[in-house]
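Biologist: Before I accept any labels, I want to hear the reasoning behind them. Show me the model.

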Amino acid sequence: MSPTTAVKPIKFKNPRAQHDFKGRSCSIVGLGSYVPERILTNADLEKTVDTSDEWITTRTGIRERRIAAENEFTSDIASKAALRAMSQAGVTGNQIDLIIVATITPDMLFPSTACLVQQKIGARRAAAFDLEAACSGFIYGLEIGQQFIMSRTYDTVLVIGAEKLSTIIDWSDRNTCVLFGDGGGAAVLQNRPNSHGLLTACMGADGGKAELLCMPGGGSRCPATTQSVANRLHYLRMDGKETFKHAVKAMLTAAQEAMRRCEIDITKIKCIIPHQANRRIIDAVGERLGARPEQLFVNLEKYGNTSAGSVAIALDEAVQSGRIQQGDLLLLIVFGAGLTWGAAVIEW
Ligand SMILES: CC(C)(COP(=O)(O)OP(=O)(O)OC[C@H]1O[C@@H](n2cnc3c(N)ncnc32)[C@H](O)[C@@H]1OP(=O)(O)O)[C@@H](O)C(=O)NCCC(=O)NCCS
């Protein structure tokens, strides 16, 4: 995906993308991802909690996950992914107008991780903010970034999904600690009509189910106290079974909405890149969409669920692997705490 490669102009299938913005389009002109070096395998977890490789692989598909070093923070993970995406796009820090970092594990509650990334990547002109939509954050970021590009507010937007989830995992809780990992991915958005077009991105939410997946402590409702720490309120909590059910339903709805907007059906999609939380969720969504198994891109066996990093890393890996060719239609589908969900269609 070199920016210098001559490619044929894309005729956007999404009527909104084609007409509403007077020829303006939004393309993903660079992708990058980064995962920390340290690997934590299922066998490693067997030594610390009452679990087994067999249970984890059959229930989730996860075999290992990455864990960031003590002195490596979400802003570092985000910056490393961003610099790779910028290099691929042929964009320097000075050209970036806006940085959006999707994360639930910011370096600090404030200032935003996006501001810290701005410093680390030398994007001094850029406005910067964090967005919090949990595992759906990267698609939320793409849709927001797309609006700024289409409206001519900004020329270059950097969207990053990055997490250091290992800091909010209760490593003594086998129900959750086997599922998550650290990592991040980034995309550079521009109006470059002969590049990879973001045709549509849509988002959804249901705050009525907020308690299903949350971290109770640390906010204004339950600030840190000796008691809150003793009660382990500063760790992620999840009702796995209920979350599973809602994940399948919401991802299906989001995918159908994104395809409806583009006037396409699942047979036109070359590669589906779903949120990488659980192999069984992915298979159930694929089946209900009427997709063939070979349409699904899955890398969760290596990284577990990296929340906002998940589809960003998977998209980068799917492209790097050569599985996606120019002109292919991709469907990204996400789901997360909130509840939140979303989907995007990209014409590569
Ligand atoms: C978490 C999840 C893998 C659990 O799978 P499940 O098939 O629903 O398993 P259950 O919760 O029914 O638990 C079955 C048993 O395994 C046990 N168990 C849970 N975690 C275990 C582990 N790591 N190792 C061994 N046993 C475990 C449970 O305690 C339970 O035991 P019990 O029957 O004696 O009570 C699954 O519910 C899930 O993936 N949910 C969605 C999670 C998710 O994607 N979250 C992020 C959304 S962005």
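Modeller: This is a predicted model. Start at the ligand: helix H9 gives the most to the shell around it, with five residues.

Biologist: Which other elements supply at least two residues of that shell?

Modeller: Helix H3 (53–60), helix H7 (174–177) and strand E12 (329–336) do, alongside H9 (240–262).

Biologist: What makes a residue part of the surroundings of the ligand?

Modeller: Its C-beta atom, placed from the backbone, must lie within 6 Å of the molecule. In this model 21 residues surround the ligand. The closest are Thr51, Gly240, Phe244, Ala277 and Asn278.

Biologist: How do the shell residues divide into nonpolar, polar and charged?

Modeller: Ten are nonpolar, eight polar and three charged. Gly counts as polar, so Gly240 is polar by that rule.

Biologist: Which domains does the shell draw on?

Modeller: Domain 1 (15–194) and domain 2 (200–347) each give at least three residues.

Biologist: Now the sheet. Why are E8 and E13 called paired?

Modeller: Pairing needs at least two bridges. Strand E8 (196–205) and strand E13 (340–347) have eight, in the antiparallel sense, so they pair. In one of the bridges, Ala201 partners Ala344 of E13.

Biologist: What is the strand order in the open sheet?

Modeller: Nine strands run E5-E4-E6-E7-E1-E8-E13-E12-E11, with mixed pairing.

Biologist: What makes E5 and E11 edge strands?

Modeller: Strand E5 (127–131) and strand E11 (271–274) each pair on one side only.

Biologist: Which strands does helix H4 lie across?

Modeller: H4 (74–89) lies across E1, E4, E6 and E7, at about 135° to E1.

Conventions. Residues numbered from 1 in each chain as written. Predicted model: local features only at pLDDT ≥ 70, side-chain atom pairs only at ≥ 80, totals over all residues. Helix = DSSP H or I, 4+ residues; strand = E, 2+ residues; numbered from the N terminus. Contact = placed C-beta atoms within 7 Å. Axes fitted to C-alpha atoms, helices over the stretch in contact; angles between N-to-C directions. Domains from an automatic or database assignment.
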